[in-house]
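Hello,

Here is the structure I promised to pass on. Please open it and keep it beside you while you read my notes on the helices.

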Amino acid sequence: MSNESEPEQAPSTAPQTSLRFEVKLYPNPILRRPAEPIEAFDDGLRKTVADMFERMAASRGVGLAAPQVGLRQRIMVINPSGEPGDELALVNPTITDKSGPITTFEEGCLSFPDIYAEVDRPDECTVTAFTPDGEAFEQSFSGFPSRVIQHEYDHLEGVLLVDRMSPADKQRHKAALNELVDRFKRAQANARPARK
Ligand code: CO
C-alpha cells in the first residue's frame, strides 16, 4: 500500500537498478494469482524479506506483498508509520478475526501508481502468522496498521484495489486504469521477439 500523505517519487527518479525487485503494475497477471504458503524458513526467505523492505522503502510504500514483486509467496512487509524500527514482516499470515466499525479511508497501491480510492474495511483485525525466523506470531491491529494489513492480505489472495473501489471511483479513474492496461500491453509487445 502506498502512503497517501506523501507524494510518490516519480518512477524515472527511483533508483530501480540497484534493487533486486521491481514493483509489478496492474494488470500484470501475477497480481491475480493467489500466493502459496512458505515451507522453508531459511536464508533465502530472509533475503527476500530484506529485499522487499528495501523495495518498499525506495517506493515510499507502507506495505508490500510478495506477488507485487512477482513472487507467488505468502509474505507481506509493512511499516505503517514509516519510522525506522517499525518494520513488520509476516509470513503465511491469516486474518483470524475482523471487528469494529466499518471505516472508509483513501488507499493507494504501489501497483496502481497515482490512483487513490476510498475503501471500506473493518477497523480491527487479528492476524496469526510466522516471523521470517519461523516464530509463531499473533497480534490484533486497529486503525491504519489494520488497514495496511488487510490491503496486503488482499494481494496474497489476488484481490486488488480496483476490486475494492466504488463504481464511482472506478469511473473517475477509468482513464488512468486504461492507461495502465495500455502500458502493460505495449511492454508485452516489446518483450516479444520480432517476427521475421
Ligand atoms: Co497494494
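Start with what lies over helix α1 in this predicted model. Its buried residues are covered by, among others, β1 (63–65), β2 (75–78) and β3 (88–109). Which residues of α1 are buried? They are Leu45, Thr48, Val49, Met52, Arg55 and Met56. Looking down the axis of α1, you will find them within an arc of 125°, so they line one face of the helix. The spacing fits a general rule. An α-helix has 3.6 residues a turn, so residues three or four places apart point the same way. Now turn to the face of α1 directed away from the buried side. Asp43 and Lys47 are exposed there.

The length of α1 checks out too. Helix α1 runs over residues 43–58, which is 16 residues. At 1.5 Å a residue they should span 22 Å, and the end C-alpha atoms are indeed 22 Å apart. Just after α1, Arg60 has a positive phi of about 55°.

Next, helix α2, residues 143–156. This helix has 14 residues. From first C-alpha to last, α2 reaches 21 Å, close to the expected 20 Å. How many of the 14 residues of α2 are buried? The count is 11, so to speak of α2 as mostly covered is fair. The buried residues include Ser146, Val148, Ile149, Tyr153 and Leu156. Charged names are on that list as well, including Arg147, Glu152 and Asp154. The partners of the buried α2 residues are β1, β2, β3, β4 (112–130) and β5 (136–142). Just after α2, Gly158 takes a positive phi of about 80°.

Best wishes

Conventions:
Residues numbered from 1 in each chain as written. Predicted model: local features only at pLDDT ≥ 70, side-chain atom pairs only at ≥ 80, totals over all residues. Helix = DSSP H or I, 4+ residues; strand = E, 2+ residues; numbered from the N terminus. Expected span 1.5 Å × (residues − 1). Buried ≥ 20, exposed ≤ 12 C-beta atoms within 10 Å, placed from the backbone. Arc of directions from axis to C-beta. Contact = placed C-beta atoms within 7 Å.
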